Structures are given as C-alpha cells and as structure tokens.
Amino acid sequence: MTIQTILCDAIKKLGENKTTTPHLDAELLLCYALEKDIRCPKTEVELLSTSVDRSSTSVFGHRMSIITREHLFTHPEKKLTKFQLANYKKLINKRIKGEPVAYLTNHKQFYGLDFYVNKNVLIPRPETELITHNVERITHNTQHTTCNTQHVTFIDVGTGSGCIIISIIKQIQSQFPISPALPSEAGQANFKFLALDISKPALAVARKNAKIHNVYNKIKFLHGNLLEPVILKSKIFKKRQNPPPNRRGDSDEATFLQGDLLKPLLDKSSIVNCQSSIIITANLPYLTPAQIKNSPSIKYEPKLALSAGSDGLKYYKKLFKQINVMRSTLALLDLSAGLCIPHYAFHVLCEIDQSQTHKIKKILKKEFCEFNLTIKKDLSGKNRLIIIELDNK
Ligand SMILES: C[S@@+](CC[C@H](N)C(=O)[O-])C[C@H]1O[C@@H](n2cnc3c(N)ncnc32)[C@H](O)[C@@H]1O
C-alpha cells in the first residue's frame, strides 16, 4: 500500500468514528509510524533536544523530523513496509478508541519546544502557554526595574511534564544571553528553578524532559503536596510540624542551633534565596466532577492532574494558604539577615476555568490583605490566567 492510499483509508475511518481532526491525526500518526522504523534510539534524545520553529509544519521538531507532513505529500507513491503498515493500523485503531495522538507518539509541542509525554502526565495545552508568556514579561520588567544582582526564584507547582518551568528557562536563556553586562549566567547565580509534583511518575517525565532540553542541572525537582517541600525543606520546620511521638504520644524533641539570631535557620533553608523575587506558576487540577464527566476526550489523562473537588478550587485554596505561610517564613528569614524591610516580590500565576473567576476573587480577598490581580484571556476569549502580585510586607 502507498502513503496516499493508506492515508485516505485512515482519514475515512477516523472521520466515520467522529474524530474531530481526522486529516491531521492520520498524517501525524503516519509520520510517526514511518519515523519509528528508521529512528535509532541513540539519536532520539539528540533529535528531541532541538527547539522547534513554531511556524514550521514539521511534526516532531526541526532536526528530529526525519519524516515531515510535507514528506507525505511529496512522496504519495512511496510504499509502506509490512512493519510500518502493521504499526500504523495499530495506531489508527487506538486513535479510533479515543487515545490522544500525543500519548500514541509520546510527543507534544509547547511554547515552540518538543516535550516527551506519557500517560503519567497531562498533555500540555496551548492555553497554558499564557503562563510562560506572562512570566517572560514579568522577568523582563523585574530585571529592568531592579538591580541585576537580585535573585529570582521560580517555583512551578504541579509541574507534570515540566513544560512550564523548562520553557521559562529556555526563554530566560534567550532573554539574558551571557553578556559582560550581567554578573552571572542565567540559571546560575541569579535564577533558581524549582519543579514540584505530588506524582513521582510525573516528576520522572519532567526530569526526562529537562535532560532532553539540556537544563537538568538548573532545576531542583521536589516531590510533595503543593508547596510543602519548599516550606518544609528545612529539617527544623519538618520536625516542628510533624513531631515524632514519644511514649506519651507527644513530642519533646528539641533542636539546638548555634549561630546569630535566625541565621542558622536561614542557612538550612537555602532552597529559596532570601532577598529573592519569587514567581510561582501553577497549572493545578481545576476541573469539577461534572466537567470531567462531560469531557470524554480527557479519559486517558491522569485523574490526579485534573480533578479538584466539587468547585474545582480545592488545590488553589490550599496553595494560597501555603503561600501565606511561606511569606511569613521568608519575612522572618529576611529579618534575621538584617533586612528591616523584606526585599522579595511575589508573583503567582494560576491557570483557571472561566467559570471560577468570581469565586477565586472571593478566595483571594479572604486570604491576602493586599494584592493586585490581573486576569488574562486565552485565544478563545475566556478568562484563563490569574496573575496575583503580593506586596512584600
Ligand atoms: C493540570 S496538571 C498540569 C501539568 C503541567 N504543569 C502542565 O501545565 O501541563 C496538574 C499537575 O499537578 C499535580 N498535582 C496534583 N495534585 C497535587 C498536589 N497536591 N501537589 C503537587 N502537585 C499536584 C499533578 O500530578 C499534575 O502533574
């Protein structure tokens, strides 16, 4: 069978089974089936690591696209091998059953980069690119309005595939190329990057993507519930919050630290720099049970990445509370470092569903005394991103 005949067949089958993008899906899967046959494992990481020109029609990125969609159109007469044909038929059958193309090919593009994905992570969505885009703007402004020696700590909560934090690093690297005017290279002294997730398999995917994109040594990966790994990183806080019970069932354990005022504590919790601007990004689960029930297309994606209680705001409520704890801790640490006025600025960027706009405003008013709120719309004109700016008091 030739490329042309097998494509026509597949498009027809997908169309009959109500796939919304039969042409695109059939073409992408055929590129993948053809490519799989010729790609050797050793070159995969090298091929994946090249960023993708967003205007390009290449399927899996520049250099890695051995087989592009153009290739299909310029070689319609080319015959498929038995192996390619069998593999392609399998892929089409899985697609007919509803399995997403990204899981079938293990690839998804995000912010012009190619990411490895599997069933342990949410497939990155185009609307989430709003987060990276706005972080880019904030970082640009921060660096132009403050001195260059300021630290910025980026914390990506619920990192999943790592698409947000990795695309941020890539942006920063292109915004701040090594130059004599800058005291240090982006990602070394001035910038700290943390990626957090409660799912260990998701963190494994994020690590894999960081290696693919050559930023593995720039990110600290932390496993735990929302911001807890950052707040509890200091062993002291861990002991105080989770004391090991003694025989009477209460804790009498004390930790003795030698040093100037709170300085020993500061040293132990070096996970976030004191005097650091903090930018928290969070695309946490925000769907309600009803929304999940009405979206059959997401049935292959991890529940842990989607479901968030009756109003979909369970995680954001908890996150905002944790941010308050974190701010108090940082304020103490700043004071111990001899700073009368804490020197950090806080930005929090959260992806939401438009229907949550009113409720989330109420929650923010309850949690924070003073804040600036900006709401950004996605390409379909729906409220999608909230940017919370907290003062440094
Ligand atoms: C909607 S997905 C977003 C993934 C990725 N950031 C993106 O934008 O594609 C939400 C992620 O949050 C993680 N998550 C869910 N509950 C969490 C919790 N309590 N603490 C930390 N991460 C959590 C999930 O494992 C999942 O990877």
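Two strands pair if DSSP finds at least two bridges between them; helices (H or I, at least four residues) and strands (E, at least two) are DSSP runs, numbered from the N terminus. The model is predicted: local features need pLDDT of at least 70, side-chain atom pairs count only at pLDDT 80 or more, and totals for chains, interfaces and linings use all residues. Residue numbers start from 1 along each chain as its sequence is written.

**Exercise 1.** Describe the hairpin of E1 and E2.

*Solution.* Step 1: strand E1 (residues 107–110) pairs with E2 in the antiparallel sense, over four bridges. Step 2: Phe110 is placed opposite Leu113 in E2. Step 3: two residues lie between the strands, and Tyr111 takes a positive phi near 50°. Step 4: strand E2 (residues 113–116) is covered on both faces, with Leu113 and Phe115 buried on one side and Asp114 and Tyr116 buried on the other.

**Exercise 2.** Determine whether Phe221 is buried or exposed, and name its contacts beyond four places in sequence.

*Solution.* Step 1: locate Phe221 in strand E5 (residues 219–223). Step 2: apply the criterion, with C-beta atoms placed from the backbone: buried means 20 or more other C-beta atoms within 10 Å, exposed 12 or fewer, and partly exposed in between. Phe221 is buried because 20 other C-beta atoms lie within 10 Å. Step 3: outside its neighbours within four places, Phe221 is in contact with Ala195, Leu203, Ala206 and Arg207 (contact: C-beta atoms, placed from the backbone, within 7 Å). Step 4: the C-alpha atoms of Phe221 and Asp197, 24 residues apart along the chain, are separated by 8.3 Å.

Notes:
Two residues are in contact if their C-beta atoms, placed from the backbone, lie within 7 Å.
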